[in-house]
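Please work through the exercises below with the sequence and the model open beside you, and try each task before reading its solution.

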Amino acid sequence: CMAERLKEEILNREKMVDILAGPDAYRDLPRLLAVAESGQQAANVLLSLDETYADVMPVQTSASATSAFVYSREAYVELVHHVRESIPGVSLSSDFIAGFCGETEEDHIQTVSLLREVQYNMGFLFAYSMRQKTRAYHRLKDDVPKEVKLRRLEELITVFREEATKANQTSVGCTQLVLVEGLSKRSATDLCGRNDGNLKVIFPDAEMEDVNNPGLRVRAQPGDYVLVKITSASSQTLRGHVLCRTTLRDSSAYC
(Lines give C-alpha, C1' and ligand atoms only; values in the text may rest on other atoms or scores of the structure.)
Protein backbone atom coordinates (compact mmCIF):
# COMPACT_ATOMS: atom_id res chain seq x y z
CA CYS A 1 0.00 0.00 0.00
CA MET A 2 1.50 3.33 -1.09
CA ALA A 3 -0.13 5.18 1.81
CA GLU A 4 1.48 2.82 4.31
CA ARG A 5 4.88 2.89 2.61
CA LEU A 6 5.06 6.67 2.20
CA LYS A 7 3.24 7.71 5.37
CA GLU A 8 6.15 9.47 7.06
CA GLU A 9 7.28 11.23 3.89
CA ILE A 10 3.79 12.46 3.05
CA LEU A 11 2.90 13.68 6.53
CA ASN A 12 6.21 15.00 7.82
CA ARG A 13 8.30 16.06 4.85
CA GLU A 14 5.73 17.32 2.37
CA LYS A 15 3.53 18.92 5.07
CA MET A 16 0.66 19.53 2.63
CA VAL A 17 -1.67 16.71 3.65
CA ASP A 18 -4.24 16.85 6.45
CA ILE A 19 -5.65 13.33 6.12
CA LEU A 20 -3.92 10.15 4.97
CA ALA A 21 -6.22 7.16 4.49
CA GLY A 22 -5.26 3.71 3.25
CA PRO A 23 -7.59 1.47 1.21
CA ASP A 24 -9.09 -0.13 4.34
CA ALA A 25 -9.69 3.15 6.18
CA TYR A 26 -12.91 4.24 4.48
CA ARG A 27 -15.06 3.42 7.53
CA ASP A 28 -12.70 5.47 9.70
CA LEU A 29 -13.13 8.65 7.62
CA PRO A 30 -15.58 10.39 10.04
CA ARG A 31 -13.00 10.12 12.84
CA LEU A 32 -10.16 11.19 10.56
CA LEU A 33 -12.13 14.23 9.43
CA ALA A 34 -12.89 15.18 13.03
CA VAL A 35 -9.19 14.97 13.92
CA ALA A 36 -8.23 17.10 10.91
CA GLU A 37 -10.85 19.73 11.76
CA SER A 38 -9.24 20.09 15.19
CA GLY A 39 -6.02 21.19 13.48
CA GLN A 40 -4.11 17.90 13.67
CA GLN A 41 -2.93 15.57 10.95
CA ALA A 42 -4.90 12.31 10.81
CA ALA A 43 -3.75 8.97 9.41
CA ASN A 44 -4.96 5.40 9.15
CA VAL A 45 -2.97 3.18 6.78
CA LEU A 46 -3.54 -0.17 8.48
CA LEU A 47 -4.23 -2.99 6.03
CA SER A 48 -6.67 -5.85 6.54
CA LEU A 49 -5.11 -9.30 6.18
CA ASP A 50 -8.19 -10.82 4.57
CA GLU A 51 -9.31 -7.86 2.41
CA THR A 52 -12.99 -8.20 3.19
CA TYR A 53 -13.81 -4.59 2.22
CA ALA A 54 -16.96 -4.72 4.31
CA ASP A 55 -19.75 -2.37 3.19
CA VAL A 56 -18.19 -1.95 -0.27
CA MET A 57 -20.52 -3.52 -2.83
CA PRO A 58 -18.96 -4.59 -6.16
CA VAL A 59 -20.93 -5.17 -9.35
CA GLN A 60 -21.36 -8.66 -10.73
CA THR A 61 -21.12 -8.99 -14.53
CA SER A 62 -20.89 -12.78 -14.61
CA ALA A 63 -24.16 -14.49 -15.41
CA SER A 64 -22.98 -17.75 -13.86
CA ALA A 65 -21.69 -16.46 -10.52
CA THR A 66 -23.99 -15.80 -7.58
CA SER A 67 -23.24 -13.89 -4.42
CA ALA A 68 -25.18 -12.08 -1.73
CA PHE A 69 -22.43 -9.48 -1.44
CA VAL A 70 -22.54 -7.83 -4.87
CA TYR A 71 -24.94 -5.67 -6.86
CA SER A 72 -26.59 -7.08 -9.94
CA ARG A 73 -25.68 -5.14 -13.06
CA GLU A 74 -29.15 -3.58 -13.21
CA ALA A 75 -29.07 -2.42 -9.59
CA TYR A 76 -25.53 -1.11 -9.99
CA VAL A 77 -26.34 0.94 -13.10
CA GLU A 78 -29.44 2.33 -11.39
CA LEU A 79 -27.26 3.39 -8.45
CA VAL A 80 -24.80 5.07 -10.83
CA HIS A 81 -27.63 7.08 -12.41
CA HIS A 82 -28.90 8.08 -8.97
CA VAL A 83 -25.44 9.23 -7.86
CA ARG A 84 -24.96 11.33 -10.99
CA GLU A 85 -28.38 12.91 -10.64
CA SER A 86 -27.76 13.69 -6.96
CA ILE A 87 -24.19 14.98 -7.38
CA PRO A 88 -23.75 16.77 -10.73
CA GLY A 89 -20.18 16.54 -11.98
CA VAL A 90 -19.28 13.62 -9.70
CA SER A 91 -16.30 11.51 -10.79
CA LEU A 92 -16.61 7.73 -10.72
CA SER A 93 -13.72 5.31 -10.34
CA SER A 94 -13.48 1.54 -10.06
CA ASP A 95 -11.09 -1.41 -10.17
CA PHE A 96 -11.39 -4.07 -12.86
CA ILE A 97 -9.83 -7.53 -12.90
CA ALA A 98 -9.28 -9.33 -16.20
CA GLY A 99 -9.27 -13.12 -16.08
CA PHE A 100 -10.54 -13.79 -12.57
CA CYS A 101 -11.01 -17.46 -11.69
CA GLY A 102 -13.72 -19.01 -13.87
CA GLU A 103 -14.23 -15.92 -16.05
CA THR A 104 -15.73 -16.85 -19.41
CA GLU A 105 -15.54 -14.90 -22.66
CA GLU A 106 -19.15 -13.85 -22.17
CA ASP A 107 -18.31 -12.56 -18.68
CA HIS A 108 -15.52 -10.49 -20.23
CA ILE A 109 -17.85 -9.09 -22.90
CA GLN A 110 -20.28 -8.04 -20.18
CA THR A 111 -17.50 -6.22 -18.33
CA VAL A 112 -16.53 -4.39 -21.52
CA SER A 113 -20.14 -3.32 -22.06
CA LEU A 114 -20.37 -2.08 -18.46
CA LEU A 115 -17.32 0.12 -19.05
CA ARG A 116 -19.06 1.61 -22.08
CA GLU A 117 -22.34 2.13 -20.26
CA VAL A 118 -21.01 3.74 -17.08
CA GLN A 119 -18.14 5.80 -18.58
CA TYR A 120 -15.88 5.89 -15.53
CA ASN A 121 -13.66 8.95 -15.08
CA MET A 122 -10.87 6.91 -13.54
CA GLY A 123 -10.06 3.23 -13.38
CA PHE A 124 -7.49 0.74 -12.20
CA LEU A 125 -7.31 -2.27 -14.47
CA PHE A 126 -5.09 -5.32 -14.09
CA ALA A 127 -4.86 -9.01 -14.90
CA TYR A 128 -5.75 -11.40 -12.09
CA SER A 129 -2.97 -13.13 -10.20
CA MET A 130 -3.17 -15.31 -7.12
CA ARG A 131 -2.45 -13.51 -3.83
CA GLN A 132 -1.87 -15.31 -0.57
CA LYS A 133 -4.18 -14.63 2.39
CA THR A 134 -7.17 -14.14 0.08
CA ARG A 135 -10.22 -16.38 -0.18
CA ALA A 136 -9.62 -16.94 -3.89
CA TYR A 137 -6.12 -18.27 -3.19
CA HIS A 138 -7.46 -21.00 -0.92
CA ARG A 139 -10.79 -21.80 -2.57
CA LEU A 140 -10.60 -21.09 -6.31
CA LYS A 141 -8.57 -22.33 -9.26
CA ASP A 142 -6.60 -19.86 -11.37
CA ASP A 143 -7.91 -21.39 -14.60
CA VAL A 144 -7.75 -18.54 -17.15
CA PRO A 145 -4.59 -18.79 -19.31
CA LYS A 146 -2.11 -15.92 -19.00
CA GLU A 147 -2.35 -14.97 -22.67
CA VAL A 148 -6.15 -14.75 -22.38
CA LYS A 149 -5.88 -12.55 -19.29
CA LEU A 150 -3.50 -10.17 -21.06
CA ARG A 151 -5.65 -9.98 -24.19
CA ARG A 152 -8.76 -9.24 -22.14
CA LEU A 153 -6.86 -6.66 -20.10
CA GLU A 154 -5.78 -4.82 -23.26
CA GLU A 155 -9.37 -4.77 -24.48
CA LEU A 156 -10.57 -3.39 -21.14
CA ILE A 157 -7.89 -0.68 -21.15
CA THR A 158 -8.75 0.37 -24.71
CA VAL A 159 -12.46 0.69 -23.97
CA PHE A 160 -11.86 2.39 -20.63
CA ARG A 161 -9.68 5.07 -22.25
CA GLU A 162 -12.23 5.72 -24.98
CA GLU A 163 -15.09 6.14 -22.53
CA ALA A 164 -13.09 8.02 -19.88
CA THR A 165 -12.09 10.55 -22.53
CA LYS A 166 -15.76 11.12 -23.34
CA ALA A 167 -16.64 11.44 -19.65
CA ASN A 168 -13.79 13.84 -18.91
CA GLN A 169 -14.55 16.00 -21.94
CA THR A 170 -17.77 17.08 -20.23
CA SER A 171 -15.52 19.20 -17.98
CA VAL A 172 -14.25 21.30 -20.89
CA GLY A 173 -15.42 24.88 -20.40
CA CYS A 174 -15.97 24.41 -16.67
CA THR A 175 -14.05 26.13 -13.87
CA GLN A 176 -12.63 23.67 -11.34
CA LEU A 177 -10.98 23.94 -7.96
CA VAL A 178 -7.52 22.35 -8.08
CA LEU A 179 -5.12 21.46 -5.26
CA VAL A 180 -1.62 22.21 -6.55
CA GLU A 181 0.89 19.37 -6.21
CA GLY A 182 3.92 20.88 -7.96
CA LEU A 183 5.65 20.99 -11.32
CA SER A 184 4.39 18.75 -14.09
CA LYS A 185 6.67 15.77 -14.69
CA ARG A 186 6.54 16.39 -18.44
CA SER A 187 7.01 20.15 -18.60
CA ALA A 188 9.06 22.59 -16.56
CA THR A 189 6.67 25.39 -17.52
CA ASP A 190 3.50 23.66 -16.29
CA LEU A 191 2.08 22.87 -12.88
CA CYS A 192 -0.06 19.88 -11.98
CA GLY A 193 -2.68 19.30 -9.34
CA ARG A 194 -5.85 17.35 -8.58
CA ASN A 195 -9.48 18.35 -8.76
CA ASP A 196 -12.03 17.09 -6.24
CA GLY A 197 -12.56 13.98 -8.36
CA ASN A 198 -8.83 13.17 -8.05
CA LEU A 199 -8.25 13.77 -11.76
CA LYS A 200 -4.89 15.25 -12.70
CA VAL A 201 -5.11 18.83 -13.97
CA ILE A 202 -2.24 20.47 -15.90
CA PHE A 203 -1.99 24.25 -16.29
CA PRO A 204 0.75 26.82 -17.08
CA ASP A 205 2.96 28.07 -14.26
CA ALA A 206 1.91 31.71 -14.58
CA GLU A 207 1.23 34.69 -12.36
CA MET A 208 -2.35 35.06 -11.17
CA GLU A 209 -4.50 37.13 -8.88
CA ASP A 210 -5.07 36.18 -5.25
CA VAL A 211 -8.78 36.50 -4.41
CA ASN A 212 -7.96 37.42 -0.81
CA ASN A 213 -5.48 40.12 -1.82
CA PRO A 214 -6.88 42.16 -4.74
CA GLY A 215 -4.14 43.53 -6.96
CA LEU A 216 -1.53 41.06 -5.71
CA ARG A 217 0.04 38.84 -8.38
CA VAL A 218 1.29 35.45 -7.19
CA ARG A 219 2.52 32.11 -8.48
CA ALA A 220 0.93 28.93 -7.23
CA GLN A 221 2.84 26.80 -4.73
CA PRO A 222 2.30 23.17 -3.66
CA GLY A 223 -0.64 23.09 -1.27
CA ASP A 224 -2.36 26.13 -2.80
CA TYR A 225 -5.88 26.00 -4.17
CA VAL A 226 -6.37 27.56 -7.60
CA LEU A 227 -9.25 27.92 -10.02
CA VAL A 228 -8.59 26.47 -13.47
CA LYS A 229 -10.72 26.87 -16.60
CA ILE A 230 -10.63 23.49 -18.35
CA THR A 231 -9.83 23.67 -22.07
CA SER A 232 -9.15 20.03 -23.04
CA ALA A 233 -9.38 16.51 -21.65
CA SER A 234 -8.01 13.02 -22.20
CA SER A 235 -8.70 9.71 -20.46
CA GLN A 236 -6.31 10.56 -17.62
CA THR A 237 -5.70 14.31 -17.62
CA LEU A 238 -7.48 17.65 -17.79
CA ARG A 239 -5.74 20.76 -19.13
CA GLY A 240 -6.63 24.40 -18.69
CA HIS A 241 -5.49 27.90 -17.80
CA VAL A 242 -5.28 29.19 -14.28
CA LEU A 243 -7.60 32.00 -13.19
CA CYS A 244 -6.63 32.84 -9.62
CA ARG A 245 -5.44 31.55 -6.27
CA THR A 246 -8.28 30.96 -3.84
CA THR A 247 -9.34 29.03 -0.74
CA LEU A 248 -11.82 26.24 -0.15
CA ARG A 249 -14.22 28.71 1.44
CA ASP A 250 -14.03 31.28 -1.35
CA SER A 251 -14.01 28.83 -4.25
CA SER A 252 -17.73 28.01 -4.00
CA ALA A 253 -18.57 31.41 -5.46
CA TYR A 254 -16.79 30.50 -8.70
CA CYS A 255 -17.29 26.75 -9.21
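**Exercise 1: a charged pair between two strands**

Asp190 has a relative accessible area of 13%, and since buried means under 20%, Asp190 is classed as buried. Bear in mind throughout that this is a predicted model.

Task: Determine which side chain meets Asp190 in a salt bridge, and where the two partners lie.

Solution. Begin with the contact itself: the side chains of Arg239 and Asp190 meet in a salt bridge, with 3.8 Å from N to O, which satisfies the cut-off because a salt bridge requires the nitrogen to be within 4 Å of the carboxyl oxygen. Next, place the two residues: Arg239 belongs to strand S13 (residues 237-246) and Asp190 to strand S8 (residues 190-194), so the salt bridge ties together parts that are 49 residues apart in sequence. Finally, consider exposure: Arg239 has a relative accessible area of 40% and is therefore partly exposed, whereas Asp190, as stated above, is buried.

**Exercise 2: the salt bridges of helix H5**

Task: Find which parts of the chain are tied to helix H5 through Glu117 and through Arg116.

Solution. Take Glu117 to start with, whose side chain meets that of Arg73 in a salt bridge of 2.9 Å, N to O. Glu117 lies in helix H5 (residues 105-118) and Arg73 in helix H4 (residues 73-86), so this pair joins parts that are 44 residues apart in sequence. At 41% relative accessibility Glu117 is partly exposed, while Arg73, at 16%, is buried.

Turn then to Arg116, which forms a salt bridge with Glu162 at 3.2 Å, N to O. Because Arg116 lies in helix H5 and Glu162 in helix H7 (residues 146-169), the pair ties together parts that are 46 residues apart in sequence. Both partners are partly exposed, Arg116 with a relative accessible area of 38% and Glu162 with one of 36%.

To set these pairs in context, the structure holds 15 salt bridges.

**Exercise 3: the aromatic pairs**

Task: Establish how many aromatic pairs the whole structure contains, and decide how the rings of Phe96 and Tyr120 are arranged.

Solution. A search of the whole structure finds two aromatic pairs. In one of them, Phe96 and Tyr120, the ring centres are 5.2 Å apart and the planes stand at 75°; since planes over 60 degrees apart count as edge-to-face, that is the class of this pair. Phe96 sits in strand S5 (residues 93-98) and Tyr120 in the loop between H5 and strand S6 (122-127), so that the pair links parts of the chain 24 residues apart. Both residues are buried, Phe96 with a relative accessible area of 5% and Tyr120 at 2% relative accessibility.

The rings of Phe100 and Tyr128 have their centres 4.9 Å apart and their planes at 75°, so this pair is likewise edge-to-face. Phe100 is in the loop between S5 and H5, and Tyr128 is in the loop between S6 and helix H6 (135-139), 28 residues apart. Phe100, at 30% relative accessibility, is partly exposed, whereas Tyr128 is buried with a relative accessible area of 10%.

**Exercise 4: a nonpolar patch**

Task: State which residues form a nonpolar patch on the surface, and place Leu140 in the chain.

Solution. The patch is formed by Ile97, Phe100, Phe124, Phe126 and Leu140, which together have about 420 Å² of accessible area. Among them, Leu140 is located in the loop between H6 and H7, and with a relative accessible area of 40% Leu140 is partly exposed.

Conventions:
Residues numbered from 1 in each chain as written. Predicted model: local features only at pLDDT ≥ 70, side-chain atom pairs only at ≥ 80, totals over all residues. Heavy atoms only, no water. Helix = DSSP H or I, 4+ residues; strand = E, 2+ residues; numbered from the N terminus. Buried < 20%, exposed > 50% of the residue type's maximum accessible area, 1.4 Å probe, protein only. Phe/Tyr/Trp six-rings, centres within 6.5 Å; stacked < 30°, edge-to-face > 60°. Patch = residues over 30% accessible without salt bridge, like charges linked within 9 Å, V, L, I, M, F, W, Y side chains within 5 Å. Areas by Shrake-Rupley, 256 points an atom, 1.4 Å probe, with all protein chains shown as cover.
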